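Work through the exercises below with the sequence and the structure at hand, and try each task before reading its solution.

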2 protein chains.
Amino acid sequence: MEIRIAIFEDNKLVRDALQAILNGTPGFTCCGISADGNHWEEDIKRNLPDVVLMDIEMPGLNGIEVTQYINDLFPQIKILIQTVFNDSEKIFQALCAGASGYILKNDPPHKYLDAINEVYNGGAPISASVAKKVLGFFANKNVVLTSPSSIDYQLSEREKEILRLMVDGRQYKDIAEQAFISYETVRTHVKHIYKKLHVASRSEAVMKAIQQGLR
Amino acid sequence: MEIRIAIFEDNKLVRDALQAILNGTPGFTCCGISADGNHWEEDIKRNLPDVVLMDIEMPGLNGIEVTQYINDLFPQIKILIQTVFNDSEKIFQALCAGASGYILKNDPPHKYLDAINEVYNGGAPISASVAKKVLGFFANKNVVLTSPSSIDYQLSEREKEILRLMVDGRQYKDIAEQAFISYETVRTHVKHIYKKLHVASRSEAVMKAIQQGLR
DNA sequence: TTTAAAATCACCCAATAGGGTATTGTTTTC
DNA sequence: GAAAACAATACCCTATTGGGTGATTTTAAA
């Protein structure tokens, strides 16, 4: 049983090299190559990979966004992030987007193959230097973690907009100006928001908004 | 040059075994053993380790708290967390407390030695299963990360207490009951809190409190 | 096409919150 | 032992917020 791998990579040289390596190694098949993430859904549906090798830096949709999308629609597909720069922020965003592993672009081919094998078998390969970044990133931080998909309060777009302004600490008259509506309309929206969120004050609404990720 | 290691571990058998292994291996010296974290400061100052091998589960002060304290006072000391259970929450807390690496208790001795060597040399050893937990923990989460040490608003204990109640969404009369003080006193405290936090409303104060970690 | 939801505006009233000032002890610190 | 900070209380007045009720228009869905 061969592991089917789809490659997302904007650099043609790297892309072709990876494809050659994968197809030249027993047990691995490159089932698709994409130069960017703009047609990720068709690409994925057509090729049905087991593992996606994802570059972070791509024109158009970046690797983090595509990771998030693939993970939402095809949670069974493992995503292995390949990154050149040691950008903690990017690594961390990919982490939250649902990546299964991290490998450095200048890692040797056998490490690529090992990592693909590992994610395919449910593991979480992380290059040592990436691990260091991740650890360093969280050291001495306060963290508020929330699951965005937990509850949907069914807020309308306008209500979300008002809520965001409330989170910013703006008062009703300011919100009214900002949203080009009257003070009374703002108040009406706020009342609806409170009912949907089951709260009775601004600070409670703000709390929920932050914790649920402002949906 | 030998690596000096201090052990924090409540299980005597494990503690003694680790000490024996370390002292029996060239290049490693066990410079201190503690059954709990209650006298961590004396222990550390007396033994001056390069690396601390820290158990998470300990009576009294737990390994996470001790990790935080050691990291605050002795940032040059590397802390290697050893853990039995795959508790993502605990692993994650230790991550934020400033641990440099994670190793599983049932890893073989040579992995211990490798990991100690790695942290000592600035690496970040993470057991594969721990890496998996860490990745899984962040997948599909919203995260608010803040640095707690950034600003100190010099709130008094009482003010912090009031602020915590405000974060809970309680209104002044409830806070008054909870804190066994009068309504007017609550208001006075709130005014002081606002001045110190440079805000002018409850929701702004709550926001700052959450983001700064309620100091 | 009827229904339903969303968005808009308005008025009333009460509750809550915010700002200022002042006084009185009690700690804590220098 | 004096000065500074903290805790607690009270009263003033205004601004803001929260809840109810009702209405119109637009948009979207059944």
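**Exercise 1. Locate A:L135 in this predicted model, decide whether A:L135 counts as buried or exposed, and list what A:L135 touches.**

Step one is the location: A:L135 belongs to helix 6 of chain A, which covers residues 128–138. Step two is the neighbour count: a residue is buried if 20 or more other C-beta atoms lie within 10 Å of its own, and because A:L135 has 23 C-beta neighbours inside 10 Å, A:L135 counts as buried. Step three turns to contacts: leaving aside residues up to four places away in sequence, A:L135 touches B:L95, B:S100 and B:A124. A last step looks along chain A, where A:S88 lies 47 residues from A:L135 in the chain, with 9.6 Å between their C-alpha atoms.

**Exercise 2. Describe how helix 4 of chain B packs against helix 6 of chain B and against helix 3 of chain B.**

Begin with helix 4 (residues 88–97) and helix 6 (residues 128–138) of chain B, whose axes are 10 Å apart and meet at an angle of about 90°. Since angles of 65 to 115 degrees count as roughly perpendicular, helix 4 of chain B is roughly perpendicular to helix 6 of chain B. On the side of helix 4 of chain B the contact involves B:S88, B:I91 and B:F92, while helix 6 of chain B brings B:V130, B:K133, B:V134, B:G136 and B:F137. Sorted by class, the residues of this contact are five nonpolar, two polar and one charged.

Next take helix 3 (residues 63–73) of chain B, which packs with helix 4 of chain B at an angle of about 10°, their axes being 8 Å apart. Angles under 35 degrees count as roughly parallel, and helix 3 and helix 4 of chain B are therefore roughly parallel to each other. Here B:I64, B:T67, B:Q68 and B:N71 of helix 3 of chain B meet B:K90, B:Q93, B:A94 and B:A97 of helix 4 of chain B. The classes in the contact of helix 3 with helix 4 of chain B are three nonpolar, four polar and one charged.

**Exercise 3. Work out which residues and helices surround DNA strand C and DNA strand D.**

For DNA strand C, start from the 21 residues that surround this strand, of which A:S156, A:R158, A:I181, A:T185 and B:A200 are the closest. Then assign the elements: helix 7 (157–167) and helix 9 (183–197) of chain A, together with helix 9 (183–197) of chain B, each give two or more residues to the surface near DNA strand C. The largest share, five residues, comes from helix 9 of chain B. Finally, the classes in the surface near DNA strand C are five nonpolar, nine polar and seven charged.

For DNA strand D, 18 residues lie around the strand, and A:Q171, B:S156, B:R158, B:I181 and B:T185 come nearest. At least two residues each are supplied to the surface near DNA strand D by helix 9 of chain A and by helix 7 and helix 9 of chain B. Helix 9 of chain A gives the most to this surface, with four residues. By class, the surface near DNA strand D holds five nonpolar, seven polar and six charged residues.

**Exercise 4. Find the buried residues of helix 10 of chain A and say what covers them.**

Helix 10 of chain A runs over residues 202–212, and its buried residues are A:R202, A:S203, A:E204, A:A205, A:V206, A:M207 and A:A209. Their cover includes helix 7 and helix 9 of chain A, and also helix 7 (157–167) and helix 10 (202–212) of chain B. Just after helix 10 of chain A, A:G213 has a positive phi of about 80°.

**Exercise 5. Compare the settings of A:L48 and A:Q154, given the positive phi of A:L48 and of A:Q154.**

A:L48, which is not a glycine, has a positive phi of about 45°, and its place is the loop between helix 2 (40–47) and strand 3 (51–55) of chain A. Because A:L48 has 12 C-beta neighbours inside 10 Å, A:L48 counts as exposed. A:Q154, not a glycine either, has a positive phi of about 60° and is found in the loop between strand 6 (142–146) and helix 7 of chain A. With 8 C-beta neighbours inside 10 Å, A:Q154 counts as exposed.

How values were computed:
Residues are numbered from 1 along each chain as its sequence is written. Chains are lettered from A and ligands numbered from 1 in the order in which they are written. This is a predicted model: local features need pLDDT of at least 70, side-chain atom pairs count only at pLDDT 80 or more; totals for chains, interfaces and linings use all residues. A residue is near a molecule or strand if its C-beta atom, placed from the backbone, lies within 6 Å of it. Ala, Val, Leu, Ile, Met, Phe, Trp, Tyr, Cys and Pro count as nonpolar, Asp, Glu, Lys and Arg as charged, and the others, Gly among them, as polar. Axes are lines fitted to C-alpha atoms, for helices over the stretch in contact, and angles run from 0 to 180 degrees between N-to-C directions. Angles under 35 degrees count as roughly parallel, over 145 as roughly antiparallel, 65 to 115 as roughly perpendicular and the rest as oblique. Two residues are in contact if their C-beta atoms, placed from the backbone, lie within 7 Å.
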